[in-house]
Amino acid sequence: MTRKTGRTRDATIDDRILAVARRHLSVYGYERMSLAAVAQEAGTSRPALYRRWPGKAELAAAAVASMAEGEQASPPADPYAALVAELADFQRGVSRPGRLSLVGTMLQDTTEPEVLARYRARVIAPRRRRILGILQSAQQSGLIDSDADLEIAVTMCTGSWYGRALAEPNPPPHWPERTAALIWRALGGHRP
């Protein structure tokens, strides 16, 4: 008995679809993202896309999830240097093509709540946890005030980038170092 085999499944198709979906979310926003356009640009068909994700919300959520940020492994030996490094990593990430416009997409009223929740959980929350961990380590080491408001400081670290991006197109020179120094001083620390 001869067994009939179907086409070999393309192992790269998921990655291609997710990459195109991330770009379309960034460029067009959730509302204008088209599954047909994503499939076409990814070099596949809509049925192939629908076999993987049943709808636009699921595809957008998966695209956002594929951008997940890593977690910090252990408390840093030098919290100040770790803060500068974390902000430099943030700047590199948010400066990649389409990343800043993706933030705008997430803030639109038309973005599905599931997509926004996935973005917050996979992209925003890990970064905030890493920054908070750095600042808590500095606090525990007595490098910043014991009563410093770390919740607000975490928001100021990355929020300052978005405020600046709305005000002017180019970041100031040495943004990570300057932002870390300002936050550090605001928390009662002295720059090493």
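Two residues are taken to be in contact when heavy atoms of theirs lie within 4.5 Å of each other. On that basis, and in a model that is predicted, Thr111 is in contact with Tyr30, Thr105, Met106 and Leu116, once its neighbours within four places in sequence are left aside. Thr111 itself is found in the loop that runs between helix H6 (99-106) and helix H7 (113-140). The relative accessible area of Thr111 is 8%, and because buried means under 20%, Thr111 counts as buried. A polar atom of the Thr111 side chain lies 2.5 Å from the backbone oxygen of Thr105, a residue that also appears among the contacts of Thr111.

The setting of this loop is a chain with 9 helices and 0 strands, and the order of its elements, read from the N terminus, is α-α-α-α-α-α-α-α-α. Of the 192 residues of the chain, 42% count as buried. Among the contacts in the chain with a separation of 6 or more, 70% are accounted for by residues 24 or more positions apart.

Two helix pairs are considered next. Packed helices are described by the angle between their axes and by the distance between the axes. Helix H1 (residues 13-32) packs with helix H4 (residues 56-65) at an angle of about 110°, and the axes of the two are 9 Å apart; H1 and H4 are therefore roughly perpendicular to each other. The crossing in which H1 passes H4 is left-handed. From H1, the residues Ile17, Leu18, Ala21, Arg22, Leu25, Tyr30 and Glu31 take part, and they meet Lys56, Ala57, Leu59, Ala60, Ala62, Ala63 and Val64 in H4. The residues of this contact of H1 with H4 comprise 11 nonpolar, no polar and 3 charged. Tyr30, one of the H1 residues that meet H4, is also one of the residues in contact with Thr111.

In the second pair, helix H5 (residues 79-94) and helix H9 (residues 175-186) pack with their axes 8 Å apart and at an angle of about 135°, which makes H5 oblique to H9. The crossing of H5 and H9 is right-handed. On the side of H5, the contact involves Pro79, Tyr80, Leu83, Val84, Leu87, Ala88, Phe90 and Gln91, which meet Trp175, Pro176, Glu177, Thr179, Ala180, Ala181 and Trp184 in H9. Divided by character, the residues of the contact of H5 with H9 are 12 nonpolar, 2 polar and 1 charged.

Terms used. Residues are numbered from 1 along each chain as its sequence is written. This is a predicted model: local features need pLDDT of at least 70, side-chain atom pairs count only at pLDDT 80 or more; totals for chains, interfaces and linings use all residues. Side-chain values use heavy atoms; hydrogens and water are left out. Helices (H or I, at least four residues) and strands (E, at least two) are DSSP runs, numbered from the N terminus. Buried means under 20% relative accessible area, exposed over 50%, partly exposed in between (1.4 Å probe, protein chains only). A polar contact is a pair of N or O atoms within 3.5 Å; within protein, one must be able to donate a hydrogen and the other to accept it, and residues adjacent in sequence count only if both atoms are side-chain atoms. Axes are lines fitted to C-alpha atoms, for helices over the stretch in contact, and angles run from 0 to 180 degrees between N-to-C directions. Angles under 35 degrees count as roughly parallel, over 145 as roughly antiparallel, 65 to 115 as roughly perpendicular and the rest as oblique. A crossing is left-handed if the near helix is turned anticlockwise from the far one by less than a right angle, and right-handed if clockwise. Ala, Val, Leu, Ile, Met, Phe, Trp, Tyr, Cys and Pro count as nonpolar, Asp, Glu, Lys and Arg as charged, and the others, Gly among them, as polar.
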